[in-house]
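This report describes how the helices of one chain pack against one another, and then turns to a few individual residues. The sequence and the structure are shown below for reference.

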Amino acid sequence: MLAKIELHYLKKQNRSFKNVKYCWPSIEAGFPFRRVVDIDKDAIEQYQTARLKAGAAPSTINREVVYLKLGFKLLGLPVPTVGLLAEDNARQGFLRIPEFNSLLAEIPDAHVRDIIEFLYNSGWRSSEPKAMQWNWLDLDSWTVRLPAEFSKNKK
């Protein structure tokens, strides 16, 4: 199943397969000694309950179940109809400029401060400036352009 999901992600050029690989050990551990065809709605609901009791966040469990359901679909098997858990992990609030500047002043390394300040002001994800190249900079207009292939949504 994991190989099918990986191929699907490669074909779609979806770069988040690392998330699937991160979750997969939990999925495998949750269904020991079971063939994929023997995993049904009840087994998945028991998995959800066990993961909750083990302290996993509902959003994590939901991602795992979604990967499992995708695997069923890609293998051409009936996809068990299982509801997802309620999630309450929406990001709230943000740092105002004075708060940000106070925190920034506490960072001893100037290079780290520069990157943090750039991320705060640009809204880029932390992986994006790591890939930055000189040709992304336009010093005449003081702009930086993130090529689509380096952004999460490819835009």
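At roughly what angle do the axes of helix H3 (residues 41-53) and helix H4 (residues 58-74) cross? In this predicted model, the axes of H3 and H4 cross at roughly 155° and come within 10 Å. Since angles over 145 degrees count as roughly antiparallel, H3 and H4 are therefore roughly antiparallel to each other. The crossing in which H3 passes H4 is right-handed. On the H3 side the contact is made by Ile44, Tyr47, Gln48, Arg51 and Leu52, while H4 contributes Pro58, Thr60, Ile61, Glu64, Val65, Leu68 and Phe72. Sorted by class, the residues of this contact between H3 and H4 comprise 8 nonpolar, 2 polar and 2 charged.

**Two further helix pairs**

The axes of H1 and H2 come within 10 Å and cross at roughly 165°, which makes H1 roughly antiparallel to H2. H1 passes H2 in a crossing that is right-handed, and the residues that make the contact are Leu2, Ile5, Glu6 and Tyr9 from H1 together with Phe17, Val20 and Trp24 from H2. This contact of H1 with H2 has 6 nonpolar residues, no polar ones and 1 charged residue.

Further along the chain, helix H5 (residues 97-105) packs with helix H6 (residues 110-122) at an angle of about 165°, the axes being 11 Å apart. H5 and H6 are therefore roughly antiparallel to each other, and their crossing is right-handed. Ile97, Phe100 and Leu104 of H5 meet Arg113, Ile116, Glu117 and Tyr120 of H6 in this contact, whose residues divide by class into 5 nonpolar, no polar and 2 charged.

The make-up of the contacts is set out by pair in the table.

| Helix pair | Nonpolar residues | Polar residues | Charged residues |
|---|---|---|---|
| H3 with H4 | 8 | 2 | 2 |
| H1 with H2 | 6 | no polar | 1 |
| H5 with H6 | 5 | no polar | 2 |

**The nonpolar core**

In soluble globular proteins, nonpolar side chains tend to be buried together. The largest nonpolar core of this model has 20 residues, and those with the most contacts inside it are Ile27, Phe31 and Ile44. Which elements give two or more residues to this core? They are H1, H2, H3 and H4, and among the elements H4 gives the most, with 6 residues. Ile44, one of the residues with the most contacts inside the core, is also among the H3 residues that make the contact with H4. When neighbours within four places in sequence are left aside, Ile27 is in contact with Tyr47, Glu64, Tyr67 and Leu68; of these, Tyr47 is listed on the H3 side of the H3 and H4 contact, and Glu64 and Leu68 on the H4 side.

**Loop residues with positive phi**

Gln13, placed in the loop between helix H1 (2-12) and helix H2 (17-30), has a phi near 55°, which is a positive value in a residue other than glycine. With a relative accessible area of 57%, Gln13 is exposed. Phe33, found in the loop between H2 and H3, likewise has a positive phi, near 60°, and is a residue other than glycine. Is Phe33 buried or exposed? Its relative accessibility is 89%, and Phe33 therefore counts as exposed, the cut-off being over 50%.

**Two helix residues, Ser59 and Phe118**

Ser59 lies in helix H4 and is buried, with a relative accessible area of 16%, a value that falls under the 20% cut-off. Not counting residues up to four places away in sequence, Ser59 touches Glu87 and Asn89.

Phe118 is found in helix H6 and counts as partly exposed at 25% relative accessibility. With neighbours within four places in sequence left aside, the residues in contact with Phe118 are Gly123, Trp124, Pro129, Met132 and Val144. For one of these, Pro129, the C-alpha atom is separated from that of Phe118 by 8.5 Å, the two residues being 11 residues apart along the chain.

Methods:
Residues numbered from 1 in each chain as written. Predicted model: local features only at pLDDT ≥ 70, side-chain atom pairs only at ≥ 80, totals over all residues. Heavy atoms only, no water. Axes fitted to C-alpha atoms, helices over the stretch in contact; angles between N-to-C directions. Helix = DSSP H or I, 4+ residues; strand = E, 2+ residues; numbered from the N terminus. Parallel < 35°, antiparallel > 145°, perpendicular 65-115°, else oblique. Left-handed = near helix turned anticlockwise from the far one by under 90°. Contact = heavy atoms within 4.5 Å. Nonpolar A, V, L, I, M, F, W, Y, C, P; charged D, E, K, R; others polar. Buried < 20%, exposed > 50% of the residue type's maximum accessible area, 1.4 Å probe, protein only. Core = buried A, V, L, I, M, F, W, Y, C linked by side-chain atoms within 4.5 Å.
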